[in-house]
Structure formats: structure tokens, C-alpha cells
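Visitor: Could you take me in for a close look at one part of this model, and then show me what lies around it? I would enjoy a connected tour.

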Amino acid sequence: MRKTKKNRAAIVIIQAGDTGRVVAMERSKDDGKYGFIGGKCEGGEVPWKTAIREVKEEIGFNIKSVADWQNELVLLGSCADNTSHDTTAYFLKVPHEFEIKSSTEGVCKWLSLTEYTSNDAYPAYTGWLLAN
């Protein structure tokens, strides 16, 4: 039996230290359920670079340097999700909430952990969130 190669993807769980809330996107493609910021690796992109790019594209959070980002991102792990992706998850704690730009992919906002987990599009990632 031939195995199908899965695509690679990355997500970033961003949590504000002052409120404990996380950035979530209410994605139009997921019937209004919440997901974290992230997306597919493009070309030969490694997951942590995908994480950096997706955060900038989806919420406008600009990182000063890739080296700073890589040192701040905490690798949580990888898993095969319910799609055709092998997803690598990262955690980033920021000092406080910042303004989030709107995205064409969905509505981004800060949510409490309870709000996020009550309408989670990807339950496989909730364990990572609650572990941090």
C-alpha cells in the first residue's frame, strides 16, 4: 500500500500575558468555529518560517527579526490533523494584547480560553493550548 504524502502546515498559539486571552480566527470556511493563526508551508518553507509569515499575513503582527522570533517561539509538537496536513504548533506569549488587523480569511479576535474551547474547529490543538 502506497502512503500519501501529507502537506506541512504550522499554527501559532499567541497568548497575552496580562489577560491570558489567545488570538483566534473565526474562519469562514469552518462554519464560524475558531482556529489558531496558521497555514500551509509554501515551497520548501520550514514550519517556523511559515508561522512567522502566517502571523504577519493574518493578523498584521510584524516581527522585527526572524532570529528574535525563532528564539521566542516555543515548539509544542506536531500532529496529523483531520485534514491532509502534518501540523507543527508553536506557542508565543506576548506581554499584552495588541490590535489585530482584519483578515480576508475570517474574523480575528482575542478570546478567553473558555470562549475558544467552547467553539473549537480543531480539537486536536486544544490540548496544546490547555497545556500552556
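Guide: Happily! Let's start at Val74, which sits in strand β5, residues 74-80. Bear in mind throughout that this is a predicted model. With a relative accessible area of 40%, Val74 falls between the cut-offs of under 20% for buried and over 50% for exposed, so Val74 is partly exposed. Setting aside neighbours within four places in sequence, Val74 is in contact with Ala89, Tyr90 and Phe91. Val74 and Ile13 are 61 residues apart in sequence, while their C-alpha atoms are 9.7 Å apart in space.

Two of those contact partners lead us inward. Ala89 and Phe91 belong to a nonpolar core of 10 residues, which also includes Phe36 and Tyr116. This core is a second one, separate from the largest.

The largest nonpolar core has 20 residues, and Ile14, Ile59 and Trp110 touch the most other members. At least two residues of this core come from each of β1 (7-16), β2 (22-27), α1 (47-59), β6 (85-94) and β7 (106-111). Helix α1 gives the largest share, 5 residues. Let's pause at Ile59: leaving out residues up to four places away in sequence, Ile59 touches Ile14, Val23, Ile37, Glu54, Phe98, Glu99, Ile100, Lys101 and Cys108.

Cys108 from that list brings us to the cysteines. Cys108 has 12% relative accessibility, so Cys108 counts as buried. Cys41 is buried too, at 15% relative accessibility. A disulfide is a covalent bond between the sulfur atoms of two cysteines. With a cut-off of 2.5 Å between cysteine sulfur atoms, the count here comes to 0 disulfides.

Cys41 also gives us a route to strand β6, where His85 lies. The C-alpha atoms of His85 and Cys41 are 9.8 Å apart in space, with their positions 44 residues apart in sequence. His85 has a relative accessible area of 13%, which means that His85 is buried.

One last stop is polar: Gln15, in strand β1. Gln15 has 7% relative accessibility and therefore counts as buried. A polar atom of the Gln15 side chain lies 2.9 Å from the backbone oxygen of Gly20. That rounds off our walk, which began at the partly exposed Val74 and ended at the buried Gln15.

Methods
Residues numbered from 1 in each chain as written. Predicted model: local features only at pLDDT ≥ 70, side-chain atom pairs only at ≥ 80, totals over all residues. Heavy atoms only, no water. Core = buried A, V, L, I, M, F, W, Y, C linked by side-chain atoms within 4.5 Å. Buried < 20%, exposed > 50% of the residue type's maximum accessible area, 1.4 Å probe, protein only. Helix = DSSP H or I, 4+ residues; strand = E, 2+ residues; numbered from the N terminus. Contact = heavy atoms within 4.5 Å. Polar contact = N/O pair within 3.5 Å; in protein donor to acceptor, adjacent residues only side chain to side chain.
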